[in-house]
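Visitor: Could you take me closely through a single part of this molecule and then show me how its surroundings are put together? I would like one connected account rather than a list.

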Amino acid sequence: MKIEPKKAYGCLFVLMMVNNWWGDLKVFSDIYFIVKPAVLGVSMMIISGMAIRERYTVSEWIFCSFLVLIGGYTSYVTESKWILYLAILIALGKETDTRSILMIAYKTISVFLLISVSVFIIQVVGSPDRLGTINYNGITKYDMNFIGANEAARYWIYWVLSSQCIDTKRAVSIFNVILMAFGTVFFYLCTRSEALLIVPGILFLKYMERYKKWECLVKRLGGYSFLSIGICSVLILGLKGTGLFALADRFCSGRLSLGIAAFCEYGVTFLGRPPLRFYHWINRGTDNAFRLVVDNAYYMIMIQYGMIYLMIISFIFIKASKKCSYRENICFIVYAIFALAENVIFSPTAIFPVLIAASACWSERREKYMDRSEEKDRTEMGHKMDRKEGGYLAG
């Protein structure tokens, strides 16, 4: 049975998301050790088949090999497979398209949320004593069966983003707004995650699509959001000790101060380093001990995974933005903003904006390759016609 590369890629993407989601859950964690080998085994079969069938030019083979090689190295030294998964999905994304990636992300995350929230509600009604809670400054946070409350909020944010971006209507319906508002309030009351403030921003960006000038502006500058926000989040650390820094740090819930502490203690890496104990105690033994949590993806990547990945993602977004639609550029902007508040942006359930951009870049290279092939075919056909006409004239 012949499987289209597009469908094979979709299956691979879903399997990686399932593996990640199952690892994020607590309620089904007992059987994760059974699911993980099966999922990864099938994934390897699909990867092998696609790598053999794909038609790459020499330069594309070199690029893909380099990407997977450095991704594998970083995953090895950091003991996190996310970078390797991302590198593989980018390398094998030649035959897919941006719309299918967005649709896969939307449908898969929808199923994940439906299962997770349903189990959470059953626990609330039937066995509230089994609920996972975290008490922080007198506030109770529910993890909703995920490994943390922020993880639950992240799934909702990415569901809202994907649902709005697959909606081809320019207007945001009242029902849509009510649904998003109800869901966001529900998740905030459960998780108390400040990252949910991104949801109104997503709806605003969707609403502004109706204005042509705004649409052109976003399509022109959306690809630069990741690079720009990343640079600004680093430069602002240089303002330490000023009133502006104090205000920004307070707005970011102390993330900037923790970022400075992390850079001072660990420094920066280019290709990744062995796992760091970001959750160890600073000033241990004192009354004001606090945890060093680097809840900023730009800082986390520079310290743990390697600056090269900031460069790669920035390049992909910039290269793809002009070829992508307004809604796809919204994905790039939200991804960049989300990276300010959380560090889990390489998770398979969070990387679909990067895969959309990568697919657009592949599409551009594929179109150029096809244009050269068509031009070559036309040239050869012209030569044949000239020879044929020459033969008739000679006769």
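**A close look at Ser110 and beyond**

Guide: In this predicted model, a polar atom of the Ser110 side chain lies 2.6 Å from the backbone oxygen of Tyr106. Ser110 itself belongs to helix 5, which covers residues 98–126. Its relative accessibility is 21%, and because buried is reserved for residues under 20%, Ser110 is classed as partly exposed. Looking further along the chain, Tyr155 is 45 residues away from Ser110 in sequence, yet the C-alpha atoms of the two are separated by 9.0 Å.

A second position, Val218, can be described in the same terms. Val218 sits in helix 9, made up of residues 212–221, and with a relative accessibility of 6% it counts as buried, so it falls under the 20% limit. If neighbours within four places in sequence are set aside, the residues in contact with Val218 are Tyr326, Asn329 and Ile333. Lys322 is 104 residues from Val218 along the sequence, while the distance between their C-alpha atoms is 9.6 Å.

From these single positions we can turn to the interior. The largest nonpolar core contains 108 residues, and among these Phe346 and Phe352 touch the most other members. For Phe346, again leaving out neighbours within four places in sequence, the contacts include Trp82, Ile83 and Leu86, together with Ile301, Tyr305, Tyr309 and Ile313, and finally Tyr335 and Ile351.

Several of those names return when one asks about empty space inside the protein. There is one cavity of 30 Å³ or more, and the largest cavity has a volume of about 60 Å³. Its lining is formed by Leu67, Gly71, Ile83, Leu86, Ala87, Ile90, Tyr309, Ile312 and Ile313, and the elements that each give two or more residues to this lining are helix 3 (58–78), helix 4 (82–91) and helix 14 (307–321). Of the contributors, helix 4 gives the most, with four residues. By chemical character, the lining of the largest cavity divides into eight nonpolar residues and one polar residue, with no charged residue. Ile83, Leu86, Tyr309 and Ile313 therefore appear in two descriptions, being in contact with Phe346 where contact means heavy atoms within 4.5 Å, and also being among the residues that line the largest cavity.

Terms used
Residues numbered from 1 in each chain as written. Predicted model: local features only at pLDDT ≥ 70, side-chain atom pairs only at ≥ 80, totals over all residues. Heavy atoms only, no water. Core = buried A, V, L, I, M, F, W, Y, C linked by side-chain atoms within 4.5 Å. Buried < 20%, exposed > 50% of the residue type's maximum accessible area, 1.4 Å probe, protein only. 1 Å grid on protein atoms, 1.4 Å probe; cavity = no way out; pocket = protein on both sides within 12 Å on 5 of 7 lines; lining within 4 Å. Points joined across faces, edges and corners; volume = space filled by probe spheres on them. Nonpolar A, V, L, I, M, F, W, Y, C, P; charged D, E, K, R; others polar. Polar contact = N/O pair within 3.5 Å; in protein donor to acceptor, adjacent residues only side chain to side chain.
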